[in-house]
Amino acid sequence: MNPRTPAAVGPHYKWVALSNTTLGVLIAAMDASIVIISLPAIFRGIGLDPLAPGNISYLLWMILGYLLVSAVLVVVLGRLGDMFGRVRIYNLGFLVFACASVALSLDPFRGGAGALWLILWRVVQAFGGSMLTANSAAILTDAFPAGQRGTALGINQITALAGQFLGLLAGGLLATVDWRAVFWVSVPISVGGTIWSYLSLRETAPGRRGRMDWPGNLTFAAGAGILLAAITYGIQPYGGDATGWGNPWVLAGLVGGCCLLLLFCFVETRPQALGFARAGGTPTAEPMFHLALFRVRAFAAGNVAVLLTAIARGGLQFMLIIWLQGIWLPLHGYDFEDTPLWAGIFMLPLTMGFLLAGPVSGHLSDRFGARLFSTTGLLLVAGSFIGLLALPVDFAYGPFAALLLINGFGQGMFSAPNTSSIMGSVPPEYRGVASGMRSTFQNSGTALSIGVFFSLMISGLASSLPSALSDGLRAHGVPAATAQHAASLPPVSTLFATFLGDNPVQHLLGPSGTLDRLSGAQRQALTGHTFFPELVSGPFHHGLTIVFGVAAAMALVSAVASALRGGHRLPVEGARRPDPLSGNTPAGPSLDEQGSR
């Protein structure tokens, strides 16, 4: 089939592309996190206790289902954008996202069936969101000239990162109105965005059809899906263990997923062995994940930094929520039920840092290069993690807010220039798959962070929380047998209770009726604002030290990778970059000619 012919567009088209794709990635990023804060209201609305035995899986899949689909499918959808048109796949993504948002808000069931309905349509919504995120950066790279590309990608990518934290705030606000409002908010935005994108966006880059790499797609989707699913179940308790890492099915999933990913790497580097013949005039079978792009140093270093930074950022997000909701806000007089909303508000300095640094660093990186800004930003992120380590559990808000602002500022400095460097390092015909690969690393890092940091925190709590909890409960009149039973429950339930804004002691003792048999003073002390936060502060700080220490180390390694991306070279008008897959210089318009449309 003949290559796709680029559409002629006016000089203002690039700003239309920027505004539309920024709206797309904003709503996709917000919906990835909006349910985290609003989960208590959602589960109350469908009449399900997510912390009851057997129901924790619903909770985890509500959070992780969206991330897992995004991590697995985004590179496939980027490749489809290269083959069939980035704008076409992007527009379809907006439509799918809008339909899923409507379905989520109309959940007709209650209990487990209602939860399964939400999980299923969250997966569909993630499929649409992946179409948006996989192709937005490629659309902008096509639309903007090289001298403005960093600014455009900076605005787009920082909006996406800020959307993750704005989703927390929006979820807290909307959940106080109605749990369905959490999904209603996406409906007018996604429907309006769908109509706007179909009317305004055009294919501005040439494309070429190819045969789908089915072996690569299947081995990658199966391997990544099984691996991330195993990590999800590894967080849950198994038998008498606090976590499920000893579960044979989890171990089989980890080993099987890794083996499939190794097979995927073999498939992608040996296409001829699988019968992919290159014949003149027929579509070329191309690997899904272009491993040859890693020969480009800026592409390889940028993606390594993306992965490690995403893991560190995901750990920060969830640990801050637990820290604020489970300890700091109750100690300062906030009811547990109100902590989800206020946690989102008190984390606003992080979002402010993103918004301040992202567009500016993206603009400056067009002139001075990505390495300086990306590396400096990651050093700031590492420094902020070390600063958070030095804070006491009951901190003064001023230093805490300053450290969040520095962390957000550093991530903003890193993200926009790094994305511009990655996207500008590959030929135009590979920008869709390059954007998908970058998004895959970012989404996989976020999903991995939950497994890594929740496991570290749970392991830290399991070693010290049971004895502290048992002693504290007995000291306030709880019978020894009941106190021992409550202390023997998996720490993951207590951790998720604080995550959901539930009073953990109420959750532990309420179902047994123990609280009703205590005196009013004892009951008030146990369910008040200070008992659980003071009890858990020591074990929690131990886990927090491990988590933020690992995150700081990841940020430093990311900074080293960023520094190794190479120096900055201003784009040369008319220059053509060699194809990393063939070593040949492509014919046709140059990169700058493509970007100036």
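Which residues does Trp328 touch, not counting residues up to four places away in sequence? Keep that question in mind while you get your bearings; the tour comes back to Trp328 shortly. The model on screen is predicted.

**Whole chain**

Start with the protein chain in cartoon view. The secondary structure comes to 21 helices and two strands. Now colour the chain by burial: of its 597 residues, 60% are buried. Switch on the surface next. About 21500 Å² of the protein chain is exposed, and carbon and sulfur atoms supply 67% of that area. If you look at contacts with a separation of 6 or more, residues 24 or more positions apart account for 82% of them.

**Stop 1: Trp328**

Select Trp328, which lies in helix H10. Show the side chains around Trp328, and the opening question can be answered: the residues touched are Trp323, Phe346, Val393, Asp394, Phe395 and Tyr397. Is Trp328 buried or exposed? Its relative accessibility is 5%, and buried means under 20%, so Trp328 counts as buried. Next, draw a distance from the C-alpha of Trp328 to the C-alpha of Thr339. The viewer should give 9.5 Å, for two residues that are eleven apart in sequence.

**Stop 2: helix H11**

Thr339 leads to the next selection, residues 339–346, which form helix H11. How many of the eight residues of H11 are buried? Six are, and the helix is mostly covered. Pick them out one by one: Thr339, Pro340, Leu341, Ala343, Gly344 and Phe346. Phe346 has already appeared on this tour, as one of the residues touched by Trp328. To see what lies over the buried residues of H11, show the neighbouring helices; the cover includes H1, H5, H10, H12 (348–368) and H14 (397–424).

**Stop 3: Thr22**

Stay with H1 and select Thr22, whose place is in that helix. At 13% relative accessibility, under the 20% limit, Thr22 counts as buried. Two short distances can be drawn from the side chain of Thr22. A polar atom of this side chain lies 2.6 Å from the backbone oxygen of Leu18. A second polar contact, of 3.5 Å, joins the side chain of Thr22 to that of Asn156. Leaving aside neighbours within four places in sequence, Thr22 is in contact with Ile155, Asn156 and Thr159.

While H1 is on screen, a general point about helices is useful. An α-helix has 3.6 residues a turn, so residues three or four places apart point the same way.

**Stop 4: helix H7**

Select residues 186–200, helix H7, and begin with Ser186. With a relative accessibility of 0%, Ser186 counts as buried. The side chain of Ser186 makes a polar contact of 2.7 Å with the side chain of Asp31. Beyond the neighbours within four places in sequence, the contacts of Ser186 are Ile27, Asp31, Phe97, Ser101 and Gln125.

Now move along H7 to Gly193. Gly193 is also counted as buried, at 1% relative accessibility. Which residues does Gly193 touch, not counting residues up to four places away in sequence? They are Asn20, Leu23 and Phe94. Draw a C-alpha to C-alpha distance from Gly193 to Ile27: the two are 166 residues apart in sequence and 9.7 Å apart in space.

**Stop 5: Leu118**

Go to helix H4 and select Leu118. The relative accessibility of Leu118 is 0%, and the residue counts as buried. Not counting residues up to four places away in sequence, Leu118 touches Ile42, Ile46, Met62, Leu104, Asp107, Trp179 and Phe183. For Met62, a C-alpha to C-alpha distance of 7.5 Å goes with a gap of 56 residues in sequence.

**Stop 6: the largest cavity**

The last stop is an empty space. Rolling a probe the size of a water molecule over the atoms shows where empty space is left. A search of the whole structure finds five cavities of 30 Å³ or more. The largest cavity has a volume of about 350 Å³. To find this cavity, select Ala29, Ala32, Gln164, Gln442 and Asn443, which lie nearest its centre among the 23 lining residues. The elements giving two or more residues to the lining are H1, H2 (56–84), H4, H5, H10 and H15 (431–475). Which element supplies the largest share of the lining? H1 does, with six residues. Colour the lining by residue type to finish: nine residues are nonpolar, 13 are polar and one is charged.

Note on methods
Residues are numbered from 1 along each chain as its sequence is written. This is a predicted model: local features need pLDDT of at least 70, side-chain atom pairs count only at pLDDT 80 or more; totals for chains, interfaces and linings use all residues. Side-chain values use heavy atoms; hydrogens and water are left out. Helices (H or I, at least four residues) and strands (E, at least two) are DSSP runs, numbered from the N terminus. Buried means under 20% relative accessible area, exposed over 50%, partly exposed in between (1.4 Å probe, protein chains only). Contact means heavy atoms within 4.5 Å. Accessible areas come from the Shrake-Rupley method with a 1.4 Å probe; for residues, only the protein chains shown count as cover. On a 1 Å grid over the protein atoms alone, a cavity is a set of points where a 1.4 Å probe fits but cannot get out, and a pocket is an open set with protein on both sides within 12 Å along at least five of seven lines; lining residues have an atom within 4 Å of a point. Grid points are joined across faces, edges and corners, and a volume is the space filled by probe spheres set on the points. Ala, Val, Leu, Ile, Met, Phe, Trp, Tyr, Cys and Pro count as nonpolar, Asp, Glu, Lys and Arg as charged, and the others, Gly among them, as polar. A polar contact is a pair of N or O atoms within 3.5 Å; within protein, one must be able to donate a hydrogen and the other to accept it, and residues adjacent in sequence count only if both atoms are side-chain atoms.
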